[in-house]
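Trainee: I'd like to take a close look at one part of this protein, the largest nonpolar core. Could you walk me through what builds it and how it sits in the rest of the chain?

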Amino acid sequence: MIYPWQTCAWETVQRAINANHLHHALLLSGEEGCGNSAFAHSLAQSLLCLSPADDGSACGQCRSCQVFAARAHPDFMPVALQEDKQSILIEQIRELNYFLGLSRSYSPRRVAVIAPAERMNVNAANSLLKSLEEPAPDTHILLLTGHPAALLPTIRSRCQEIRLPVPSHNAAAEWLRGQELRHSPENLLEASGGRPLTALELDATETLAERQQWLKHLLQLAQGQGNIAEISSHWEKHDRVRLLNWQLSWIISIVKGNITQAPASLPAEVESLRRLITQKKAFKIHERLIELKKFSTHPLNARSYIESMLVLWSL
Ligand SMILES: [Zn+2]
């Protein structure tokens, strides 16, 4: 599946395939939550497909596509974190090197996807170097990462990097409007930092409703309504770091909105809050939240911690 905001990257790769000069090692980098894993797997399926469409997408019908969908393709190898492991291990990369050295079966190429590539430990990464330096013919390694700077420079320099984009707000919102959602696309995008797949996941949880409730309570206080003691008793069992991070994301949006005077993409409640808070007060709240963050793991009374956050927003 290729998402609308990935079309340009897809066309770039397909042009290289058609011209027969696709680099044997592609570093697909970009923010998590934007469908990059789907892009890597679509590309893998396309490289393996026996009769791809004109735009390069896999046909979905051929023997290769059917076996790929059944996760049993003899010319495809995914390398991922094993259960309970923090790193991709050298044994996995040795297995990959062996796989790349085999002759292909019925697909035109052999393809591997390593994700998340930055999780290869040093030994694993060093073991991969040989396959990157002396690639077997008709083999492609796709390294997927949200943190390209965390890869060894020797790995990065042997790959061609393709940056996968974060969609614009409008593109992400338009795509979300085409999904069956419980919440508004604007609220979901605001809560997910503009990352549409994260937004979609969030839609299935109760997190957004809680977040909205917390925002409503802050808004009440900023309007001179609501009672700090009652509100803090409502929230005392909640994760205080989460409550604090939500406030931080709003206050940053408010500060930015005040500067640009173009708060078009702010959800209604955040915009209402922005109108009630001067820039000076916004900076003060931000400063205090950062201070409070230092004490977030302190075994301080939960209720007084929450009260000290709430008091920042009251009139
Ligand atoms: Zn096919």
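Mentor: Let's start with the whole protein, go into that core, and then visit a few single residues.

Keep in mind that this is a predicted model. The protein has 315 residues, and buried ones make up 46% of them. Its secondary structure comes to 15 helices and five strands. If you draw a box around the C-alpha atoms along the principal axes, you get roughly 70 × 40 × 35 Å. The domain assignment splits the protein into domain 1 (4-166) and domain 2 (206-313), and the C-alpha centres of these two lie 42 Å apart. Among the contacts with a separation of 6 or more, 71% are between residues 24 or more positions apart.

Now for your core. The largest nonpolar core has 30 residues, and those touching the most other members are Trp-214, Ile-251, Leu-273, Met-309 and Trp-313. Helices H10 (207-222), H11 (228-235), H12 (240-260), H13 (268-276), H14 (279-294) and H15 (302-313) are the elements that each give it two or more residues. The most comes from H12, with eight residues.

Pick Ile-251 and see who is around it. Setting aside residues up to four places away in sequence, Ile-251 touches Ala-282, Ile-285, His-286, Leu-289 and Trp-313. Apart from this core lies another one, of 23 residues, including Leu-27, Met-120, Leu-129 and Ile-155.

For contrast, try the loop between H11 and H12, where you'll find Lys-237. Lys-237 counts as exposed because its relative accessibility is 78%, and the cut-off for exposed is over 50%. From Lys-237 to Gln-212 is 17 Å, C-alpha to C-alpha, with their positions 25 residues apart in sequence.

Next, go back along the chain to helix H8 (residues 185-191), the place of Leu-188. With a relative accessibility of 0%, Leu-188 counts as buried. Beyond residues up to four places away in sequence, Leu-188 touches Leu-181, His-183, Ala-199, Leu-202, Asp-203 and Leu-208. Leu-188 and Gln-225 are 37 residues apart in sequence, and their C-alpha atoms are 27 Å apart in space.

Another buried residue worth finding is His-140, in strand E4 (residues 139-145). His-140 has 8% relative accessibility, so it counts as buried. Its contacts, leaving aside neighbours within four places in sequence, include Leu-22, His-23, His-24 and Leu-47, and also Arg-109, Arg-110, Val-111 and Ala-112.

Have a look at some backbone details too. In the loop between H5 and E4 sits Asp-138, a residue other than glycine with a positive phi, near 55°. Asp-138 is partly exposed, at 42% relative accessible area. Arg-71 also has a positive phi, near 55°, and isn't a glycine. You'll find Arg-71 in the loop between helix H3 (63-69) and strand E2 (76-79), and at 81% relative accessibility Arg-71 counts as exposed. Then there's the cis peptide bond joining Ala-115 and Pro-116, with omega about -5°. Pro-116 lies in the loop between strand E3 (110-114) and helix H5 (122-133).

Last, the outside. The accessible surface comes to about 16000 Å², and 51% of it belongs to carbon and sulfur atoms. As for charge, the protein has 31 positive and 31 negative side chains, with the centres of the two sets 5 Å apart.

Conventions:
Residues numbered from 1 in each chain as written. Predicted model: local features only at pLDDT ≥ 70, side-chain atom pairs only at ≥ 80, totals over all residues. Heavy atoms only, no water. Domains from an automatic or database assignment. Helix = DSSP H or I, 4+ residues; strand = E, 2+ residues; numbered from the N terminus. Buried < 20%, exposed > 50% of the residue type's maximum accessible area, 1.4 Å probe, protein only. Contact = heavy atoms within 4.5 Å. Areas by Shrake-Rupley, 256 points an atom, 1.4 Å probe, with all protein chains shown as cover. Lys, Arg positive; Asp, Glu negative; His and termini not counted. Charge placed at Lys NZ, Arg CZ, Asp CG, Glu CD. Core = buried A, V, L, I, M, F, W, Y, C linked by side-chain atoms within 4.5 Å.
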